[in-house]
Amino acid sequence: MMTEIEEKLGSEKLNEDPQLTSAVTTIVDRIRVHSSSIDGIRPAFDSKRLSYEEAISRFNEVRGGNLYFPYIGSGLGRGPFVELEDGSVKLDFINGIGTHPFGHSHPDLIETALHAATSDTVMQGNLQQNREGLAFSEALLAAANRCHNTFQHCFLSSTGVMAGENMLKIAFQARQPASRVIAFENCFAGRTLSFSQITDKPAFRVGLPSTLEVDYVPFFDESDPLGSTERAAERLKEHLKRRPKEHAAFIYELIQGEGGFNPGTTRFFRTLMEICREHEVLNLCDEVQTFARTHSLFAFQHFALDELVDGLWIGKSSQTCATLFKSEHKPAPGLLSQTFTSSSGALAVGNRILELLTEGDYFGSHGRIARLAERFHEGLNAIRRDHPNWIRGPYGIGAMTAFTPFEGTPQQAQAMVKTLFEDGLMAFVAGSSPARVRFLWPVGVTQPRHIDIALHKIEAALSKHAS
Ligand SMILES: Cc1ncc(COP(=O)(O)O)c(C=O)c1O
């Protein structure tokens, strides 16, 4: 009888090599040692100020426009804290607009990335993929189908807007010859030629040719839940009646991100999605910003829309972006292809982030994200009670927190964000009327004490601008 000999791949032997494991452990330990000095906000070193300012000017010049913040990271951080090249340390509650859910210099993610760096290639793509892409796609589908068998396929790509483009191409092909889309007023969808037509901000498409016909529906208004739901449904029906069978898809941002952290409700979305179903318009969710930030991994699960969603795309927290879609909309060969799916590191780290998030106590109405959000909201409410003219809000769900400073002019929101940055807290603006200050805090490493530091900085900055 033949006995089966277990054959090992060279890469399996490499990954099990004790010398490799020990080298990786040494590197992670050294990073831990050097990042241990980063344990709170601190100002810039005097000796670095001049060279830093000069580097910022060169950066502004070389990229043909100013950086939003005078920010050049040193490459080291710890949890939600990040060291800059001028020696200052900031509490990073914006995270590259939501891309670092485990903050800076996270030992587990660095270990994952170091192993990924031993891969044969830096980038993976359509023609040559390694095992991480398969693992990531299957894990995303399993997580998305937790309650309902919603999606059967997952296509990976390297940016949020490209994952959206892929979804839109699938939708147009499935619903040809329909050529229009419906989106919400004040939505942000990305900046390619087609997505800058969907993004409801004229300033973002100045000088660009019109590449896509978009019809808009007003978003949910929490001061008038029933009325705004009815108005949105009426407008949707008008569009569908005026241009029968011309719409391929409705694009939903379930919590408007750039629009100011405005969430809709289950009832609001269901009303619109059911109308779209009746008219064979696909319900597509843009979860680039909301992924891993609500009380569920996906915002469509948070709003219990599993049975009505036809497709979605994610980005930011996932490192590698993805389009999830149904078998019945499977594209014909040739429609989707990309030289780069993502880097080996981003695929491996995306997988690990997904594992950490799904195995940890993050989600649910009493999960870590909900508990921390409650503390943040309570603190902002306390500021509002003490100083009723300083802020309105708080707004947002989960790890998307915002407030309106003073009257909510864009100048006031920008001035607040600038002051917060100078004082060591990184935030960003959102919306325009009103304009808000928003935070996308890192769910994996934020502790209650970090929220308290942020609240203290917010109150101090408001007080500077109030006087
Ligand atoms: C809701 C939403 N969709 C799409 C995008 C575009 O993603 P990316 O910048 O990765 O292309 C963004 C980016 O901020 C976003 O917030």
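**Exercise 1. Is Lys464 buried, partly exposed or exposed, and what is its relative accessible area?**

Solution. The model is predicted: local features need pLDDT of at least 70 and side-chain atom pairs count only at pLDDT 80 or more, while totals for chains, interfaces and linings use all residues. Residues are numbered from 1 along each chain as its sequence is written, and side-chain values use heavy atoms, with hydrogens and water left out.

Step 1. Set the classes: buried means under 20% relative accessible area, exposed over 50%, and partly exposed in between (1.4 Å probe, protein chains only).

Step 2. Lys464 has a relative accessible area of 46%. Lys464 is therefore partly exposed.

**Exercise 2. Find the salt-bridge partner of Lys464 and state which parts of the chain the pair ties together.**

Solution. Step 1. A salt bridge is a side-chain nitrogen of Lys or Arg within 4 Å of a carboxyl oxygen of Asp or Glu. The side chain of Lys464 meets that of Asp423 in such a bridge, at 2.8 Å from N to O.

Step 2. Asp423 lies in the loop between helix 14 (410-422) and strand 17 (425-426), and Lys464 lies in helix 15, so the pair ties together parts that are 41 residues apart in sequence. Helices (H or I, at least four residues) and strands (E, at least two) are DSSP runs, numbered from the N terminus.

Step 3. Asp423 has 19% relative accessibility and therefore counts as buried.

**Exercise 3. Describe the span of helix 15 and the placement of its buried residues.**

Solution. Step 1. Helix 15 covers residues 448-466, which is 19 residues. From its first C-alpha to its last it reaches 27 Å, close to the 27 Å expected at 1.5 Å a residue. The expected span is 1.5 Å times one less than the number of residues.

Step 2. The buried residues of helix 15 are His450, Ile451, Ala454, Leu455, Ile458, Ala461 and Leu462. They lie on the same side of helix 15, because they cover an arc of only 140° around the axis. The arc is that of the directions from the helix axis to the C-beta atoms.

Step 3. Arg449 and His456 are exposed on the other side of helix 15.

**Exercise 4. Lys90 has no salt bridge; find the nearest side chain of opposite charge and the polar contact of Lys90.**

Solution. Step 1. Lys90 is in strand 3 (residues 89-92) and is buried.

Step 2. Lys and Arg count as positive and Asp and Glu as negative; His and the chain ends are not counted. The nearest side chain of opposite charge to Lys90 is that of Asp86, 5.8 Å away.

Step 3. A polar atom of the Lys90 side chain lies 2.9 Å from the backbone oxygen of Phe421. A polar contact is a pair of N or O atoms within 3.5 Å; within protein, one must be able to donate a hydrogen and the other to accept it, and residues adjacent in sequence count only if both atoms are side-chain atoms.

Step 4. Contact means heavy atoms within 4.5 Å. Leaving aside neighbours within four places in sequence, the contacts of Lys90 include Ile41, Pro80, Phe81, Phe421, Glu422 and Met426.

**Exercise 5. Compare the settings of the Arg58–Glu54 and Glu246–Arg243 salt bridges.**

Solution. Step 1. Arg58 and Glu54 meet at 4.0 Å, N to O. Both lie in helix 3 (residues 49-62), 4 residues apart, about one turn of the helix. Arg58 is exposed at 54% relative accessible area, and Glu54 is partly exposed at 44%.

Step 2. In the bridge between Glu246 and Arg243, the closest N and O atoms are 3.8 Å apart. Glu246 counts as partly exposed at 30% relative accessibility, and Arg243 counts as partly exposed at 30%.

Step 3. The structure holds 17 salt bridges. Asp108, Arg352 and Glu355 are linked in a network of them.

**Exercise 6. Locate two cis peptide bonds and two residues with positive phi.**

Solution. Step 1. Most residues other than glycine have a negative phi, and most peptide bonds are trans.

Step 2. The bond from Gly393 to Pro394 is cis, with omega near 0°, and Pro394 lies in strand 15 (residues 391-395). The bond from Ser433 to Pro434 is also cis, with omega near 10°; Pro434 is in the loop between strand 18 (428-430) and strand 19 (436-439).

Step 3. Lys245 has phi near 60°. Lys245 sits in the loop between helix 9 (225-242) and strand 8 (247-252) and is exposed at 74% relative accessible area.

Step 4. Ala304 has phi near 50°. Ala304 lies in the loop between helix 11 (299-302) and strand 12 (311-314) and counts as partly exposed at 36%.
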